[in-house]
Amino acid sequence: MNDNFAHRAADWDQPSKVEMTKKFVNALLNNIEIKSHWKAFEVGAGTGLVGMQIADKVDKVVFEDTSEAMLEVLKQKPKDEKKVEIVHGEVFEYVNQDIDFVFSCMAFHHIPDIEKSLKHLYQITNPEAIVAVGDIRTEDGSFHSFEPIPHKGFDTEELAAQFDAAGFKVLTSQTYNVLKRERTPGVYTDYEQFMLIAKRK
Ligand SMILES: C[S@@+](CC[C@H](N)C(=O)[O-])C[C@H]1O[C@@H](n2cnc3c(N)ncnc32)[C@H](O)[C@@H]1O
């Protein structure tokens, strides 16, 4: 399995990344009443910047990621091990059907087959499970101009249709932040971050 994040893992937890994940978690908390008995599953958890903010609010978080290097940083962090499970690989590696809450921040645009992944999320979730995905809206390819990427952001209407087809009713889809990035010297581009929240039918 290619680890495209191997060279970024060691210095991933910079203030800008922490800030980005706080905005995602704030949007989550504004929209979802998280229950303490929930078992949560984070898609593309990376070094755990998001999941570690959620872990004390739920029973357990399963941190899933394809990057061994990113997960290695997470493994080194002090945490309550009873509340944490780490899965290395794509979502398909997790096969129990016991998840109440799925969340994912800025990882979906790295996932090659969204339809197949959503169908798998349906298989591992309990009825009425909540899924919250944060990512960027359709962009011109400049956000990741330095590397090939499966998705240049998402059209949220198309993504909502994919959720619906996989068995999830979309509850809301909203912009929660705008990232300003200088990808070309002197040229600033706005990338809108959306959060889509759905409930398993
Ligand atoms: C932009 S980082 C976001 C990490 C973390 N969610 C955060 O907000 O700090 C994207 C993450 O998605 C992971 N990733 C890439 N392809 C993936 C896949 N097919 N399935 C799951 N995770 C994947 C990467 O290894 C990386 O950790």
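## A tour starting from helix H5

Begin by selecting Glu-157, Glu-158, Ala-161 and Ala-165, the exposed residues carried on the face of helix H5 that is turned away from its buried side. Bear in mind throughout that the model is predicted.

Now turn to the opposite face of H5, which spans residues 156-166, and select Thr-156, Leu-159, Phe-163 and Ala-166, the buried residues of this helix. These four lie on the same side of H5, because the arc they cover around the axis is only 80 degrees. If you then display what covers them, you will find helix H4 together with strand E6 (168-184) and strand E7 (187-200) among the covering elements. Before leaving H5, step just past its end to Gly-167, where phi is positive, at about 110 degrees.

Next, bring up H4, residues 114-124, alongside H5: the two helices pack with their axes 9 Å apart and at an angle of about 40 degrees, which means that H4 is oblique to H5. The crossing in which H4 passes H5 is right-handed. To see the residues that meet there, select Ile-114, Glu-115, Leu-118, Lys-119 and Tyr-122 on the H4 side, and Gln-162, Phe-163 and Ala-166 on the H5 side. Coloured by class, this contact shows five nonpolar residues, one polar residue and two charged residues. Phe-163 and Ala-166 thus appear in the contact with H4 and also in the list of buried residues of H5.

From here, go to helix H3 (residues 68-76) and select Met-70, Leu-71 and Leu-74, which are its buried residues. They are on the same side of H3, because they cover an arc of only 95 degrees around its axis. Strand E2 (60-65) and strand E3 (84-88) are included in what covers them.

The following stop is Phe-41, in strand E1, which runs over residues 39-43. Is Phe-41 buried or exposed? It counts as buried, because 29 C-beta neighbours lie inside 10 Å and 20 are enough for that class. Leaving aside residues up to four places away in sequence, Phe-41 touches Val-62, Glu-64, Tyr-94, Ile-99, Val-102 and Ile-124. Select Val-91 as well, since this residue is 50 residues away from Phe-41 along the chain, while their C-alpha atoms are separated by 9.4 Å.

As a counterpart, move to Val-95, in the loop between E3 and strand E4 (99-105). Val-95 is exposed, because only 9 other C-beta atoms lie within 10 Å, where the limit for that class is 12 or fewer. A distance drawn from C-alpha to C-alpha between Val-95 and Glu-33 comes to 26 Å, for a separation of 62 residues in sequence.

The tour ends with two backbone positions that deserve a look at their phi angles. Most residues other than glycine have a negative phi. Select Met-106, in the loop between E4 and H4, where phi is near 60 degrees and therefore positive in a residue other than glycine. Met-106 is partly exposed, with 19 other C-beta atoms within 10 Å. Then select Glu-128, which is found in strand E5 (residues 125-136) and has a positive phi near 70 degrees, again in a residue other than glycine. Glu-128 is exposed, with 10 other C-beta atoms within 10 Å.

Technical notes: Residues are numbered from 1 along each chain as its sequence is written. This is a predicted model: local features need pLDDT of at least 70, side-chain atom pairs count only at pLDDT 80 or more; totals for chains, interfaces and linings use all residues. The arc is that of the directions from the helix axis to the C-beta atoms. Two residues are in contact if their C-beta atoms, placed from the backbone, lie within 7 Å. Axes are lines fitted to C-alpha atoms, for helices over the stretch in contact, and angles run from 0 to 180 degrees between N-to-C directions. Angles under 35 degrees count as roughly parallel, over 145 as roughly antiparallel, 65 to 115 as roughly perpendicular and the rest as oblique. A crossing is left-handed if the near helix is turned anticlockwise from the far one by less than a right angle, and right-handed if clockwise. Ala, Val, Leu, Ile, Met, Phe, Trp, Tyr, Cys and Pro count as nonpolar, Asp, Glu, Lys and Arg as charged, and the others, Gly among them, as polar.
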